[in-house]
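Reader: Please take me through the local geometry, the helix packing and the long-range contacts of this chain.

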Amino acid sequence: MGPGDEQFLWIPVSLADHVYDPTKSYCGLYAVSIREPPKSPTAQIIQLLSMKGMSLISIKSQEKDRMIYDFMIIETTGCTHTKEDLTEEIKEAIGDSLIYLEFVETNVSGFIYNVKGFPLVFNHANEPMPVTAVTHSTWKTFFSGMVKRFGSGGMVMLWFMGNDAGEAEGMEAKILSGKLTVKARLNISLAKLQALGWGRFELAECDEGRVIIRVFENFEDIVTKGLANYRNTFLRGFLVGLVSVFFNKACRGVELKCINRGDPYCEFMIR
Ligand SMILES: [Zn+2]
C-alpha cells in the first residue's frame, strides 16, 4: 500500500480503544486545561511522558469553549515513576492552565479504556447525535438470524426496516437549513452513512426522478458474504426510502452491480 494505490488515502476511523494485554500494565490519564496559545498543554504532557520513556498508546484531544480535554492511554509496564511524581511534574509544567488531572485504571490488570467515554456521539450539523454502534459480527448475527428463522420473509422485514429508516433520514436531510439542491442533500445523507461505517458512497447520477448510487465496501454484503440466497435488502430498502422522500413518490430500487457477484462496487438504481 502506498501513494498511487487508490486505497492509500482512505483512513480507518476508530471508536474509543480498548487496550488489553495481560502481560502489560496501562493507565489512563485525563487532563483538562485552558487553551492559552502558544502553549500547548497536550504537547507538554506528551513531551514529559516521552522524556520519562513512557509510551503513549493513544490520545484523544478535544477542544470545547477554549478548554482542552485530553484522554491518553499510557503503557506503564515496568515503570518506576509513581503517579504522584508524574502528577506533580505535569502540574509544574502546565501551571495554572491545568484545571483537572486524573489517572484512571480499571479493575482488570492489563486492561484500559476511556472509562469516562460516554455517550458515543456523531456530530452532524453542530448537533451531537447519540450513536449506538454494533460490530460487523453482531450485524452478521442479526442478518443470518432473520434469514434462518423467517427465510425470504426475513429479508422482506429487513427491507422495510431499511425503508423506514431511509425515509426518516430523508425527512431530516430535507429540513437541513440552507439553500441546498436535492443532489447536495442526498450527498450529505450518504456522507452520514459513510461516517456511520455503512460503506463508501458515490452519487453517480442524480436526475429528475432517477438516481444511481454506488457503494464501495457495502457493510451488508460484507457481513452476509457466504450466506446462501441473501440479497442486499436492508440497504436497498434504505436507499429507496431516502430517495422516495426527495422525489415525493414511492420509488423502486434495483441493485445493478454487487460486490458479492464480483463487481468492484454495489450499484443501485432508484426511480
Ligand atoms: Zn451488493
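Author: The questions below take up the backbone, the domains, the helix pairs and two residues in turn, and the model is a predicted one.

Reader: Between which two residues does the cis peptide bond with omega of about 5° lie?

Author: Most peptide bonds are trans. An omega of about 5° marks a cis bond here. The second residue of the bond is found in the loop between strand E2 (26–34) and helix H1 (41–51). The bond joins Pro-37 and Pro-38.

Reader: In which loop is Pro-119 found?

Author: The peptide bond that leads from Phe-118 to Pro-119 is cis, with omega near 0°. Pro-119 is placed after strand E6 (111–113) and before strand E7 (121–124), in the loop between E6 and E7.

Reader: Is Arg-66 buried or exposed?

Author: Most residues other than glycine have a negative phi. Arg-66 has a positive phi, near 60°, and lies in the loop between strand E3 (55–64) and strand E4 (67–75). A residue counts as exposed if 12 or fewer other C-beta atoms lie within 10 Å of its own. Arg-66 has 8 such neighbours, so the class is exposed.

Reader: Which exposure class does Glu-217 have?

Author: Glu-217 also has a positive phi, near 55°, and its loop runs between strand E10 (210–216) and helix H6 (219–224). The buried class begins at 20 other C-beta atoms within 10 Å, and the exposed class ends at 12. Because Glu-217 has 16 C-beta neighbours inside 10 Å, its class is partly exposed.

Reader: How far apart do the C-alpha centres of domain 1 and domain 2 lie?

Author: The domain assignment gives domain 1 as 18–118 and domain 2 as 127–270. Between the C-alpha centres of domain 1 and domain 2 the distance is 40 Å.

Reader: What is the orientation of H1 to H2?

Author: The axes of H1 and helix H2 (residues 83–94) come within 10 Å and cross at roughly 140°. Angles over 145 degrees would count as roughly antiparallel, and 65 to 115 as roughly perpendicular. The angle of H1 to H2 therefore makes the pair oblique.

Reader: How many residues of the contact of H1 with H2 are nonpolar?

Author: From H1, the contact uses Pro-41, Gln-44, Ile-45 and Leu-48; from H2, it uses Glu-89, Ile-90, Ala-93 and Ile-94. One residue of this contact is polar and one is charged, while the number of nonpolar residues is six.

Reader: What is the handedness of the crossing of H4 and H5?

Author: Helix H4 (residues 152–174) and helix H5 (residues 182–195) have axes that come within 10 Å and cross at roughly 125°. H4 and H5 are therefore oblique to each other. Their crossing is right-handed.

Reader: How many charged residues does the contact of H4 with H5 have?

Author: H4 contributes Glu-169, Ala-173 and Lys-174, and H5 contributes Arg-185, Ile-188 and Ser-189. By class, two of the contact residues are nonpolar and one is polar, and the number of charged residues is three.

Reader: Within what distance do the axes of H3 and H4 come?

Author: Helix H3 (residues 136–150) crosses H4 at roughly 135°, and the two are therefore oblique to each other. The axes of H3 and H4 come within 6 Å.

Reader: How many residues are polar in the contact of H3 with H4?

Author: Met-146, Val-147, Arg-149 and Phe-150 of H3 meet Gly-153, Gly-154, Met-155, Met-157 and Leu-158 of H4. Gly counts as polar in this classification. Beside six nonpolar residues and one charged residue, the number of polar residues is two.

Reader: What is the C-alpha to C-alpha distance between Tyr-265 and Glu-217?

Author: Tyr-265 is found in the loop between strand E11 (253–257) and E12, and with 19 C-beta neighbours inside 10 Å it is partly exposed. Its contacts beyond four places in sequence are Arg-214, Val-215, Phe-216, Lys-257 and Ile-259. Tyr-265 and Glu-217 are 48 residues apart in sequence, and their C-alpha distance is 6.9 Å.

Reader: Which residues does Glu-267 touch, not counting residues up to four places away in sequence?

Author: Glu-267 has its place in strand E12 (residues 266–270). With 18 other C-beta atoms within 10 Å, Glu-267 is partly exposed. The residues it touches are Ile-212, Arg-214, Glu-255, Leu-256 and Lys-257.

Technical notes. Residues are numbered from 1 along each chain as its sequence is written. This is a predicted model: local features need pLDDT of at least 70, side-chain atom pairs count only at pLDDT 80 or more; totals for chains, interfaces and linings use all residues. Helices (H or I, at least four residues) and strands (E, at least two) are DSSP runs, numbered from the N terminus. Domain bounds come from an automatic or database domain assignment. Axes are lines fitted to C-alpha atoms, for helices over the stretch in contact, and angles run from 0 to 180 degrees between N-to-C directions. Angles under 35 degrees count as roughly parallel, over 145 as roughly antiparallel, 65 to 115 as roughly perpendicular and the rest as oblique. Two residues are in contact if their C-beta atoms, placed from the backbone, lie within 7 Å. A crossing is left-handed if the near helix is turned anticlockwise from the far one by less than a right angle, and right-handed if clockwise.
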